[in-house]
Amino acid sequence: LGKMKGMGKVVEWSVRDEALIEGTHVSTKDGSKRIEEITLEDEVLQFDMNTREFSYVNPDKHQHVVRDESYKFEHPQFNQHVSPNHRMIYEEDGEIKECLAKDFVPSPNKFFLAMENKRIPSTEVKITHEKHEPKNFYCIGVPGKAFVVKDENGNKSVTGNTMHVEGISKLFKAFCKEHPRI
């Protein structure tokens, strides 16, 4: 029984490591709101990765983390400043996919998702990795696994939320495979 103690730390780390820089605006039913001001009572605009539908829901998580490195994804119609393990949502060959910001590799058949059915070619997005003094980052969780953020130019785009249940399940299965005797 005591052998599973470490798994809780793995899950806690994974759930807390995906975040957007303080000041990022989230689309809510009542307008745009800074991510650090979001509450579990707010209705945020989520994107359901399975149905590709947008709807307003209450977040089930809101967390604060501090990070000393980040990734900036910059384009005139798409800007996100995220932690290295933030889940980036994109379309590839007609399928909605996700990967960690630090692992994202642009290609001609990958597109970031923006509102009004805009697709931003990933090859046109400048991606910058930065190491910096510790900064505040925040994350929220929604059932559809993604939500809508708004940049300083008013452009709205889809971004990933905190690790979802399927992600935790994958982590747990990987942990069990590595530690079969536990």
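## A hairpin to start with

Two strands count as paired if DSSP finds at least two bridges between them. With that in hand, look at Phe73, which stands opposite Gln80 in S7. Keep in mind that what you're looking at is a predicted model. Phe73 itself lies in strand S6, and S6 and S7 pair in the antiparallel sense over five bridges. Together S6 and S7 make a hairpin, with two residues between them.

What happens to the two faces of S7? Both are covered: Phe78, Gln80 and Val82 are buried on one side, and Asn79 and His81 are buried on the other. Put as a count, five of the five residues of S7 are buried.

## Partners of S12

Next up is S12, which covers residues 126-141. S6 and S12 pair over 13 bridges, again in the antiparallel sense. To find one spot where they meet, start at Lys61: the bridge partner of Lys61 in S12 is Gly141.

Strand S1 (residues 20-21) is joined to S12 as well, by two bridges, and this pair also runs antiparallel. Here you can pick out Ile21, whose bridge partner in S12 is Phe137.

## An open sheet of four

Now follow the order S9-S8-S10-S11: these four strands form an open sheet with antiparallel pairing. Strand S9 (95-100) and strand S11 (119-121) each have a single partner strand, so they stand at the edges and one side of each is left without a neighbour in the sheet. On average, neighbouring strands of this sheet are turned by 45 degrees against each other, direction ignored. As a general point, strands of a sheet pair through backbone hydrogen bonds, either parallel or antiparallel.

Inside this sheet, three bridges join S8 to strand S10 (residues 110-113), and the two run antiparallel. One place to look is Glu91, which has Phe111 in S10 as its bridge partner.

## Glu92 and Ala101

Glu92 has its place in strand S8. Is Glu92 buried or exposed? Glu92 has a relative accessible area of 14%, and the cut-off for buried is under 20%, so Glu92 counts as buried. Its side chain is joined to that of Lys97 by a polar contact of 3.2 Å. If you leave aside its neighbours within four places in sequence, Glu92 is in contact with Lys97, Asn109 and Lys110.

Ala101 sits in the loop between S9 and S10. It's in a loop, but Ala101 is buried too, at 1% relative accessibility. Leaving aside neighbours within four places in sequence, Ala101 is in contact with a list of residues that includes Tyr71, Phe73, Val82 and Met88. Try finding Ile89 as well: Ala101 and Ile89 are twelve residues apart along the chain, and their C-alpha atoms are separated by 9.4 Å.

## Rings that meet

How many aromatic pairs does a search of the whole structure find? The search finds six. In one of them, Phe73 and Phe112 meet edge-to-face, at 5.7 Å centre to centre and with 80 degrees between the planes. Phe73 belongs to strand S6 and Phe112 to strand S10, so this pair ties together parts that are 39 residues apart in sequence. Phe73 is buried, with a relative accessible area of 0%, and Phe112 is buried at 0% as well.

Phe112 has another ring partner: the centres of Phe78 and Phe112 are 4.5 Å apart and their planes are at 20 degrees, so this pair is stacked. It links distant parts of the chain, with Phe78 in strand S7 and Phe112 in strand S10, 34 residues apart. Phe78 is buried at 1% relative accessible area. Zoom out a little, and ring pairs link Phe73, Phe78, Tyr90, Phe104 and Phe112 into a cluster.

## The nonpolar cores

Phe73 and Phe112 turn up once more in the largest nonpolar core, which has 24 residues. Which of its members touch the most others? They are Phe73, Phe112 and Phe147. The elements that give two or more residues to this core are strands S6 (61-75), S7 (78-82), S8 (87-92), S12 (126-141) and S13 (145-150).

There's also a second, separate core of seven residues, including Phe47, Ile89, Ile96 and Ala146. In soluble globular proteins, nonpolar side chains tend to be buried together.

How values were computed. Residues numbered from 1 in each chain as written. Predicted model: local features only at pLDDT ≥ 70, side-chain atom pairs only at ≥ 80, totals over all residues. Heavy atoms only, no water. Core = buried A, V, L, I, M, F, W, Y, C linked by side-chain atoms within 4.5 Å. Buried < 20%, exposed > 50% of the residue type's maximum accessible area, 1.4 Å probe, protein only. Axes fitted to C-alpha atoms, helices over the stretch in contact; angles between N-to-C directions. Polar contact = N/O pair within 3.5 Å; in protein donor to acceptor, adjacent residues only side chain to side chain. Contact = heavy atoms within 4.5 Å. Phe/Tyr/Trp six-rings, centres within 6.5 Å; stacked < 30°, edge-to-face > 60°.
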